[in-house]
Amino acid sequence: MTNGPTKLDLFKGKIAGEIGAAMSVSLAVLGDRLGLYKALAAAGPCTSAELAETAGVNERNVREWLAAQAASGYVDYDDADGRFGLNAEQRAVLVDEDGPAYMGGGFELAAAMFLDEPKVAQAFRSGLGLGWHERCGCLFRGTERFFRPGRAANLLEVWLPALEGVEAKLKAGARVADVGCGHGGAVIMMAQAFPNAYFVGFDYHGPSVEHARAAAEAAGVAGRVRFEQAAAKDFGEGGEFDLITMFDALHDMGDPVGTAHHMRSRLTADGTCMLVEPNAADSLSENLKNPFSRIMYSASTMICTPVSMSQEVGLALGAAAGPGRLTEVARQAGFTRVRRVADESPSLVLELKL
């Protein structure tokens with residue numbers, strides 16, 4: 001007679017599940033890159049042979065991929081007819097890139113963490129950090145795709161309307177800067193919504209700036225949007241902005257106080273800075289209750305903290321800086337009014353005023 005699984009058995013089972021989840025990252029990236037999820041969604045329930053023909057891939061390879069996806073619960077399998085399919089929830093999370101539930105970009109972020117692990121290990125040894133520009137390309141794509149659904153669901157409908165007087169200025173024709181713009185998704189989104197406003201995106205990473213320019217051209221907003229290569233502490237010289245935004249980037253800065261101070265110097269007298277950061281609490285114990293804490297701390301370990309440490313000052317706030325620490329940074333930079341205007345998990349939005 002046994003007394004059931006021991007604590008060791010349970011923990012081994014947990015780790016086995018974690019290894020299976022980690023292995024699934026590469027398969028999810030593969031399915032995304034080859035268009036397998038979209039092909040399966042378009043075709044409906046089908047066999048491996050039917051999906052292979054639809055997607056233009058080898059049947060034997062896709063058969064094994066489908067079995068692994070079914071084992072992970074990413075696709076459904078009907079044993080009665082040997083067909084695989086996607087239910088509504090799986091389509092929302094894995095296929096619909098324009099929907100609020102899409103999370104496919106997160107797999108590219110996870111892949112970047114695996115690919116850059118040797119560089120991060122060296123950064124651990126040296127303490128010198130690892131610059132954003134030194135990372136693999138899937139990090140830049142994954143970042144844009146991972147954050148896009150949350151911004152699409154909240155930026156225009158929740159965050160901007162919550163700022164004092166900002167929406168009216170945007171409608172009338174405000175000047176807007178986005179610092180650390182990456183591939184430019186947020187800038188383009190705002191430009192499409194506010195045709196009278198003028199937008200500038202700044203990023204120190206040249207390839208991201210080029211990508212953003214092409215995206216603006218494709219979206220038909222290039223006449224009112226420009227993207228410039230510039231560091232966060234010296235962007236926009238000679239001009240003032242009614243609104244400056246920064247999305248999930250202040251904690252990546254080596255000198256966040258200096259960055260925030262420069263943002264303040266580029267605002268008009270009644271201008272506003274909107275700071276979007278991960279929705280962390282002010283203590284580790286509180287953050288451990290957050291279902292997003294594993295993603296937040298893992299990304300911070302492998303991406304955010306080394307990026308900050310590679311720059312001057314190297315304060316390394318970390319992705320889980322929390323509202324208290326972020327408010328302290330803003331006040332040290334000279335902002336006199338700091339207001340929490342939105343708390344849409346997993347994002348925290350602060351309004352900073354002179």
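Of the 354 residues in this chain, 48% count as buried. Keep in mind that you're looking at a predicted model. The chain runs through 15 helices and nine strands. Its radius of gyration is 22 Å, close to the 20 Å that the globule rule gives for 354 residues, so the chain is as compact as a globular protein of that length.

**Overall build**
- Along its principal axes, the C-alpha trace spans about 70 × 50 × 35 Å.
- About 16600 Å² of the chain is exposed, and carbon and sulfur atoms supply 56% of that area.
- Take the contacts with a separation of 6 or more: residues 24 or more positions apart account for 67% of them.

**The nonpolar cores**
- As a rule of thumb, nonpolar side chains in soluble globular proteins tend to be buried together.
- Here, the largest nonpolar core has 41 residues, and the ones touching the most other members are Tyr37, Leu40, Leu51, Trp65, Phe107 and Ile303.
- Several helices chip in at least two residues each to this core, including H1 (7–33), H2 (36–43), H3 (48–55), H4 (59–72) and H14 (293–309).
- H6 gives the most to this core, with six residues.
- Want a residue to click on? Try Trp65: leaving out residues up to four places away in sequence, Trp65 touches Leu27, Leu30, Gly31, Leu36, Tyr37 and Leu51.
- Another core lies apart from that one; this other core has 31 residues, among them Val166, Val221, Phe227 and Phe247.

**Helix H8**
- H8 covers residues 137–162 and bends by about 65° at Leu155.
- Leu155 is itself one of the buried residues of H8.
- The buried set in H8 also takes in charged residues, including Glu144, Arg145 and Arg151, alongside others such as Phe140 and Trp159.
- H8 is also among the helices that supply at least two residues to the largest core.

**Aromatic pairs**
- The count of aromatic pairs comes to seven.
- One of them is Tyr77 with Phe84, a tilted pair at 4.8 Å centre to centre, with 35° between the planes.
- The two partners sit differently: Tyr77, at 44% relative accessibility, counts as partly exposed, whereas Phe84, at 9%, counts as buried because that is under the 20% cut-off.
- Phe146 and Phe147 make an edge-to-face pair, 5.3 Å centre to centre and 75° between the planes.
- Phe146 counts as partly exposed at 23% relative accessibility, and Phe147 counts as partly exposed at 25%.
- Phe202, Phe235 and Phe241 are linked into a cluster by ring pairs.

Conventions
Residues numbered from 1 in each chain as written. Predicted model: local features only at pLDDT ≥ 70, side-chain atom pairs only at ≥ 80, totals over all residues. Heavy atoms only, no water. Bend = angle between axes of the 7 residues up to and from the residue. Helix = DSSP H or I, 4+ residues; strand = E, 2+ residues; numbered from the N terminus. Buried < 20%, exposed > 50% of the residue type's maximum accessible area, 1.4 Å probe, protein only. Core = buried A, V, L, I, M, F, W, Y, C linked by side-chain atoms within 4.5 Å. Contact = heavy atoms within 4.5 Å. Rg over C-alpha atoms; globule rule 2.2 N^0.38 Å. Areas by Shrake-Rupley, 256 points an atom, 1.4 Å probe, with all protein chains shown as cover. Phe/Tyr/Trp six-rings, centres within 6.5 Å; stacked < 30°, edge-to-face > 60°.
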